[in-house]
Amino acid sequence: MIDLTDDLFLGDGNHKIVYAHPTDNKLCVKILRTPDDPDFAKEWRYREALGDRAESMTLLTKYFGEVETSKGKGYLFERVRDYDGKNSKTMLRVLDDTVADKNLLPDTEKLLLDFKRKYFDEKFLLAGVDMDNYLVQRISPSERRVRIIDNIGTSARIPLAYYFDFLARRRLEKYWRVLIEQLRSDYGNLFSEEFLRKLADI
């Protein structure tokens with residue numbers, strides 16, 4: 001039994017409440033708001049379909065199974081933290097920091113280009129685009145990578161994109177276009193149109 005006290009609270013959303021693990025700072029515990037949560041079921045099906053491939057995907061956080069807690073059934077996940085132990089920022093925070101300090105722009109553009117490469121290389125299937133679901137993890141003083149913590153998989157009853165690359169590619173392109181349009185809409189004054197075209201080129 002893991003005792004989840006209020007001081008361990010990390011954050012919450014529509015579907016989950018997240019706590020730091022009380023004795024292992026590399027883990028977090030997610031508690032579902034409802035036991036039959038469709039968002040978690042969707043992610044679980046995707047992880048099952050990935051099988052061993054999930055272990056090599058850098059965008060996907062690691063999952064370590066179910067645990068009993070003082071707040072009911074919990075699910076153990078990798079806690080995304082920087083190399084120095086600090087909590088990793090969201091992509092939204094990184095973008096807003098770049099708006100405030102334009103000197104950060106080259107590094108932010110590189111981060112987005114690296115993210116695009118990993119997203120298509122790993123064929124990472126999303127159910128939505130929300131910058132708060134992307135954490136930017138510093139793995140060294142000069143290196144960063146994106147980790148995705150929510151809106152994973154697809155809600156399709158028969159998720160053919162899990163098993164057929166040409167359908168996966170179609171879905172990848174669809175959500176990447178959505179992400180680009182979101183960047184153009186919200187950060188059009190930050191990124192040049194030339195850069196956005198480069199980022200959109202798939």
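This section describes the sheets, helices and nonpolar cores of a predicted model.

The first sheet is open and contains five strands, which follow the order β1-β2-β3-β5-β4 with antiparallel pairing. Its edges are formed by β1 (residues 9–12) and β4 (residues 63–69), each of which has a single partner strand, so that one side of each is left without a neighbour in the sheet. From one strand to the next, the twist averages 30 degrees. The pairing of β4 with β5 (residues 72–78) is antiparallel and extends over six bridges, and within it Gly65 has Leu76 of β5 as its bridge partner. Helix α1, which spans residues 38–50, packs on this sheet and touches β2 (16–20), β3 (27–32), β4 and β5, with its direction at about 50 degrees to that of β5.

The segment that precedes β1 contains Met1, a residue that is exposed, with a relative accessible area of 77%. When residues up to four places away in sequence are not counted, the contacts of Met1 are with Glu68, Thr69 and Ser70. Met1 and Asp12 lie 11 residues apart along the chain, and a distance of 21 Å separates their C-alpha atoms.

The second sheet, also open, consists of three strands in the order β6-β7-β8, again with antiparallel pairing. Here β6 and β8 occupy the edges with a single partner strand each, and one side of each is therefore left without a neighbour in the sheet. Helix α3 packs on this sheet through contacts with β7 and β8, and the direction of α3 makes about 50 degrees with that of β8. Between β6 (residues 89–90) and β7 the antiparallel pairing comprises two bridges, with Thr90 standing opposite Leu135 of β7. Between β7 and β8 (residues 144–148) the antiparallel pairing comprises five bridges; among the bridge partners are Val136 with Val146 and Arg138 with Arg144. These two strands, β7 and β8, are joined by a hairpin through five residues. Strand β7 is mostly covered, in that four of its five residues are buried.

Among the helices, α4 runs from residue 165 to residue 187 and thus has 23 residues; the distance from its first C-alpha to its last is 32 Å, close to the 33 Å expected at 1.5 Å a residue. Its buried residues are Leu167, Ala168, Arg171, Leu172, Tyr175, Trp176, Leu179, Ile180, Leu183 and Tyr187. An α-helix has 3.6 residues a turn, so residues three or four places apart point the same way. The buried residues of α4 pack against three helices and a strand, namely α2 (91–100), α3 (105–121), α5 (193–200) and β7 (134–138).

In helix α5, the residues Phe195, Leu196 and Leu199 are buried. Viewed down the helix axis, the buried residues of α5 fall within an arc of 100 degrees, and they therefore line one face of the helix. Glu194, Arg197 and Lys198, by contrast, are exposed on the other side of α5. The cover over the buried residues of α5 includes α3 and α4.

The largest nonpolar core comprises 41 residues, and those with the most contacts inside it are Met91, Phe115, Tyr119, Tyr134, Leu183 and Phe191. Two or more residues are given to this core by each of α1, α2, α3, β7, β8, α4 and α5, and the element that gives the most is α4, with nine residues. For Met91, when residues up to four places away in sequence are left out of the count, the residues touched are Leu111, Leu112, Phe115, Met131, Tyr134, Val136 and Val146. A second core, separate from this one, has 11 residues, including Ile2, Tyr19, Ile31 and Leu76. Leu76, a member of this second core, is also the bridge partner of Gly65 described for the five-stranded sheet.

Terms used:
Residues are numbered from 1 along each chain as its sequence is written. This is a predicted model: local features need pLDDT of at least 70, side-chain atom pairs count only at pLDDT 80 or more; totals for chains, interfaces and linings use all residues. Side-chain values use heavy atoms; hydrogens and water are left out. Two strands pair if DSSP finds at least two bridges between them. Axes are lines fitted to C-alpha atoms, for helices over the stretch in contact, and angles run from 0 to 180 degrees between N-to-C directions. Contact means heavy atoms within 4.5 Å. The expected span of a helix is 1.5 Å times one less than its number of residues. Buried means under 20% relative accessible area, exposed over 50%, partly exposed in between (1.4 Å probe, protein chains only). The arc is that of the directions from the helix axis to the C-beta atoms. A nonpolar core is a set of buried Ala, Val, Leu, Ile, Met, Phe, Trp, Tyr and Cys residues joined through side-chain atoms within 4.5 Å.
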